[in-house]
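Please consider the following account, which leads through a single protein chain from its interior to its strands, rings and pocket.

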Amino acid sequence: MVVSATPYDGQMERIVPFLVPTTNSCEAGFGIELANQWLRELRRIPYGYSREWRTPREVAGDLVADCKGKAVCLYERMRLHGERDVQLVIGKRLPNSRVTHTWVTWKTTAATYVLDPTLSGVAYDTRQLPSDQYVPYFLYSGSQKFRAVPSDEALASL
């Protein structure tokens, strides 16, 4: 569901420019292999929590990064390489998780992938993940914001 605001908007002000890159560095040659390479690179950065959302430049210059920073880096790289069907997601890794988590989803003609540079060095086809993993709350794609609608809510509205 498209929304005009989310509870995270105030925190995310500093990374909004990275959600809507103004130029593409290249349009061709992007695929799952390159996505997995970037996931591995970001996965190697040791985890270190930050209260604020870090920009890709800050993550590249620091020795540690959290899920927010790593996901924003990956999202920006994909957008700069011409990918438009990519979302930055805030949600929970598992329904009973005590804290939120941030990752990227990417829709291609072949599949929809979860890209989690904090916990994995490979993209996961969502059809291969248990349905209770990666529970989205809010998604950002370019300048658009979305609130995820739970599947039982979606079914009830039919």
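A nonpolar core, as the term is used here, is a set of buried Ala, Val, Leu, Ile, Met, Phe, Trp, Tyr and Cys residues joined through side-chain atoms within 4.5 Å. Buried, in turn, means under 20% relative accessible area. The model under discussion is a predicted one.

The overall layout comes before the core. The protein chain has six helices and seven strands, and along the sequence these elements follow the pattern β-α-α-α-α-α-β-β-β-β-β-β-α. Of its 158 residues, 44% count as buried.

The largest nonpolar core comprises 30 residues, and those that touch the most other members are M12, L74, M78, L88, V104, L115 and Y140. Helices and strands both contribute to this core: α3 (32-43), α5 (67-80), β2 (86-92), β3 (101-107), β4 (112-115) and β6 (135-141) each supply at least two of its residues. The greatest contribution is that of α5, which gives six residues. Another core, of seven residues, lies apart from the largest one; W103, V114, L129 and A148 are among its members.

The strands may be followed through their pairings. β3 and β4 run antiparallel and are joined by four bridges. These two strands form a hairpin, with four residues between them. Within this pairing, T105 stands opposite V114 of β4. β4 is also joined to β5 (residues 124-125), again in the antiparallel sense, through two bridges. V114 takes part here as well, since its bridge partner in β5 is Y124. V114 thus has a bridge partner in β5 and is also one of the residues of the seven-residue core.

A further series of pairings centres on β6. Five bridges connect β2 with β6 in the antiparallel sense, and G91 has P136 of β6 as its bridge partner. On the other hand, β6 also pairs with β7 (residues 144-147), in the antiparallel sense and over four bridges. In that pairing, L139 is matched with F146 of β7. β6 and β7 form a hairpin with two residues between them, and G142 in the turn has a positive phi of about 65°.

Which contacts between aromatic rings does the model contain? A search of the whole structure finds three aromatic pairs. In one of them, the ring centres of Y8 and F138 are 5.9 Å apart and the ring planes meet at 65°, so the pair is edge-to-face; the cut-off for that class is an angle over 60 degrees. Y8 belongs to the loop between β1 (2-3) and α1 (9-12), whereas F138 belongs to strand β6, so the pair ties together parts that are 130 residues apart in sequence. Both partners fall below the 20% limit for burial: Y8 is buried at 15% relative accessibility, and F138 is buried at 13%.

A second pair is formed by W103 and Y134, which are likewise edge-to-face, with 5.0 Å from centre to centre and 75° between the planes. This pair links distant parts of the chain, because W103 lies in strand β3 and Y134 in the loop between β5 and β6, 31 residues apart. W103 is buried, with 1% relative accessibility, and Y134 is buried as well, at 8%.

The cysteines can be treated briefly. How many disulfides does a search of the whole structure find? The search finds zero disulfides. C67 counts as buried because its relative accessibility is 8%, and C73 counts as buried because its relative accessible area is 6%.

The last feature is the largest pocket, which holds about 350 Å³ of space. Its lining consists of 16 residues, of which T105, V114, T126, Y134 and P136 are the closest to the pocket centre. β2, β3, β4 and β6 are the elements that give two or more residues to this lining. Several of these lining residues have appeared already: T105 and V114 stand opposite one another in the pairing of β3 with β4, P136 is the bridge partner of G91, and Y134 forms an aromatic pair with W103.

Conventions:
Residues numbered from 1 in each chain as written. Predicted model: local features only at pLDDT ≥ 70, side-chain atom pairs only at ≥ 80, totals over all residues. Heavy atoms only, no water. Buried < 20%, exposed > 50% of the residue type's maximum accessible area, 1.4 Å probe, protein only. Pairing = 2+ DSSP bridges. Disulfide = S-S within 2.5 Å. Phe/Tyr/Trp six-rings, centres within 6.5 Å; stacked < 30°, edge-to-face > 60°. 1 Å grid on protein atoms, 1.4 Å probe; cavity = no way out; pocket = protein on both sides within 12 Å on 5 of 7 lines; lining within 4 Å. Points joined across faces, edges and corners; volume = space filled by probe spheres on them.
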